[in-house]
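Reader: Please take me through a single part of this model closely, and set it in the context of the whole chain afterwards. I would like the cut-offs behind each term spelled out as you go.

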Amino acid sequence: MALLMRLLTLALALSVGPAGTLAGPAKSPYQLVLQHSRLRGRQHGPNVCAVQKVIGTNKKYFTNCKQWYQRKICGKSTVISYECCPGYEKVPGEKGCPAALPLSNLYETMGVVGSTTTQLYTDRTEKLRPEMEGPGSFTIFAPSNEAWSSLPAEVLDSLVSNVNIELLNALRYHMVDRRVLTDELKHGMTLTSMYQNSNIQIHHYPNGIVTVNCARLLKADHHATNGVVHLIDKVISTITNNIQQIIEIEDTFETLRAAVAASGLNTVLEGDGQFTLLAPTNEAFEKIPAETLNRILGDPEALRDLLNNHILKSAMCAEAIVAGMSMETLGGTTLEVGCSGDKLTINGKAVISNKDILATNGVIHFIDELLIPDSAKTLLELAGESDVSTAIDILKQAGLDTHLSGKEQLTFLAPLNSVFKDGVPRIDAQMKTLLLNHMVKEQLASKYLYSGQTLDTLGGKKLRVFVYRNSLCIENSCIAAHDKRGRFGTLFTMDRMLTPPMGTVMDVLKGDNRFSMLVAAIQSAGLMEILNREGV
C-alpha cells in the first residue's frame with residue numbers, strides 16, 4: 001500500500017507543471033514565438049500580438065525575445081506594429097481583439113486571412129469550391145494575394161489557361177485531406193497532398209519559423225468548420241527530383257557533377273535524408289587557381305572534404321534564416337549561415353546567387369564561391385590566410401616554402417607578424433637552419449601535446465614541450481592561436497621565434513662571461529658533472 005501511494009505521488013508530481021498547474025505537451029517553437037508576441041502585445045488589449053515589419057518591405061514576423069530587443073531581421077531595421085493574434089478580431093468600441101473569428105468553411109476562411117486570390121482561382125475550377133464548402137476535414141496552405149501576384153506571368157498563364165486540370169491540380173497540391181495544426185508540423189516531416197498523393201515538405205525551425213516547401217507560414221491555425229487554413233508566402237509546386245538528379249540536369253553544375261562522381265558522394269545526394277547543398281557553380285570553380293583546383297580534384301580525400309564542406313546536415317530554407325546561425329556540415333566543420341537583407345550569407349559573405357531549389361531529399365542554394373575547408377589546403381595556403389605572412393615571405397626568400405606545399409607530414413611553428421616588427425632577419429645558412437627547426441616532422445594537434453614531449457625537426461633538433469596552466473609552449477615560444485589542420489600539415493601560430501636548445505646548462509654558462517664567477521663556484525662545489533648531463 002505504501003509503495004502504491006509513493007507511485008501515485010510520483011505520477012502526480014510528473015503531471016504537474018510550474019505553480020501547481022497541470023503540465024501539458026511541450027509547445028512547438030512556432031507556439032513559443034506566438035506566445036512571446038502575445039506577451040509583448042498584451043498592453044494593447046486581449047489577443048493582441050506584437051509583429052515586426054522589416055522597413056521598406058511587406059515582410060512581417062512574430063517576434064522572439066532576441067529580435068524584440070535588437071529590432072532587426074537580417075540586419076535590417078524593423079518597426080513594431082500590433083495586430084490581432086491568429087483567430088481573433090476587433091470589436092468596435094472595445095480594446096484589443098476580444099472576439100474569436102466566427103467559424104466558417106475553408107472557402108470563406110481563406111478570404112478572412114488574406115487569400116482572396118486563392119478564392120478567385122478556386123471559383124474558376126468546377127469542382128473545388130463545393131468541396132471546400134462541403135463536409136469533411138481538410139488543411140489548405142493558402143498562398144497570400146502577394147504570393148500569386150509574384151508568380152512569373154508565363155507560370156500564371158499556364159495555370160489559368162487550363163483551369164480544370166493545371167489550376168485544379170496546383171490548388172489540390174496545397175491541400176491535405178485532414179486537419180493539421182502547427183503543433184503537428186514537425187521538422188523534416190512530409191505530408192501527403194491531395195494531388196496524386198505527392199509529398200509536401202515541412203520544416204519547423206527552432207526560431208519558430210515553419211516552412212512548407214520552403215514557403216513561410218504567415219498566419220497559421222485558422223480554424224474552419226471543415227478544416228484549417230494556413231496562409232503562406234509562396235505558391236508551392238510539386239517536387240520530383242532528388243539533389244543528385246538536379247545536379248545532373250543543371251548546366252551550371254558541370255564541374256560539380258564531375259567532382260561528385262569522382263568522390264562517390266552521388267550515393268549520398270540521391271539517398272534518403274534532408275540535406276542542404278551549397279552548390280558551387282562552374283564560375284565558383286573557375287575562381288580558384290588552376291594549380292590548387294587540380295591538386296584537390298586529383299586527391300580523393302581532399303576532394304571529399306571539399307564537397308562535404310558544401311553539404312549541411314539538415315535542410316535550411318532561405319525563409320527560415322533571419323539571423324546568423326552555425327550549421328554543421330557532413331565533414332564536421334561549421335559554417336555561419338546568415339542573411340543581409342534579401343541576400344543569404346555564408347561566413348559573412350553574400351555568395352549565394354540562387355536559393356531554395358527544392359529536391360525530394362533537401363534544398364539547394366547556388367553559390368558563386370568555393371568553400372574550401374582547412375582539411376583540403378596545403379600548409380602554405382593555411383599560412384597565407386593567417387597572421388604569419390612575414391614568416392612565409394622569409395621562407396620563400398630562403399627557398400624553403402616547398403616544404404609547405406608538398407605532401408610531407410609537417411607541423412609549421414609559424415611566428416606571428418608582430419614578432420618581426422623591428423625588421424626581418426638576414427637570410428644565411430644559420431637562418432635557414434633555424435627556419436628548418438620551425439618545422440616538426442609530423443602532423444601534430446596541440447590538444448595531444450604533453451609536458452616533456454620532444455619533437456624532431458627538419459633541422460635536426462629536438463624541441464621540448466612545456467605545459468603551463470594558461471600556456472602551451474615549445475621551447476621559448478608559446479602557441480598564440482588555435483591550430484589550423486590542413487591536408488598534410490598543421491599550422492601552429494607562435495608568439496616568438498624559437499630558440500632551439502644548444503648544449504648543456506654548463507655549455508650555456510661557460511659561453512657567457514657574465515657567469516664566470518658562477519662557473520668557478522660550480523667547479524669548486526663539484527657540480528660540473530651533474531650540470532653537463534643531458535636532460536638537465
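Author: Two strands are said to pair if DSSP finds at least two bridges between them, where strands (E, at least two residues) and helices (H or I, at least four) are DSSP runs numbered from the N terminus. The model is a predicted one, in which local features need pLDDT of at least 70 and side-chain atom pairs count only at pLDDT 80 or more, whereas totals for chains, interfaces and linings use all residues. Residues are numbered from 1 along each chain as its sequence is written, and side-chain values use heavy atoms, with hydrogens and water left out.

The part I have chosen is an open sheet of four strands with antiparallel pairing, in the order β2-β1-β4-β3. Because β2 (60–62) and β3 (72–73) stand at the edges with a single partner strand each, one side of each has no neighbour in the sheet. Between them, strand β1 (residues 48–54) and strand β4 (residues 76–84) run antiparallel and are joined by seven bridges; within this pairing, valine 51 has serine 81 of β4 opposite. Helix α2 (residues 29–41) packs on the sheet and touches β1, β2 and β4, contact meaning heavy atoms within 4.5 Å. The direction of α2 makes about 100 degrees with that of β1, on a scale that runs from 0 to 180 degrees between N-to-C directions, with axes fitted to C-alpha atoms, for helices over the stretch in contact.

Another open sheet of four strands has mixed pairing, in the order β22-β21-β28-β27. Here β22 (439–440) and β27 (484–485) are the edge strands, each with a single partner, so one side of each is left without a neighbour. Strand β21 (residues 410–415) runs parallel to strand β28 (residues 489–494), with six bridges between them, and glycine 489 in β28 is the bridge partner of leucine 410.

As for the whole chain, its secondary structure comes to 21 helices and 28 strands, and its C-alpha atoms fill a box of roughly 110 × 70 × 55 Å along the principal axes. The radius of gyration is 33 Å, while a compact globule of 536 residues would have one near 24 Å, the value being taken over C-alpha atoms and the rule being 2.2 Å times the number of residues to the power 0.38. Of the 536 residues, 46% count as buried, that is, under 20% relative accessible area with a 1.4 Å probe and protein chains only.

Methods. Buried < 20%, exposed > 50% of the residue type's maximum accessible area, 1.4 Å probe, protein only.
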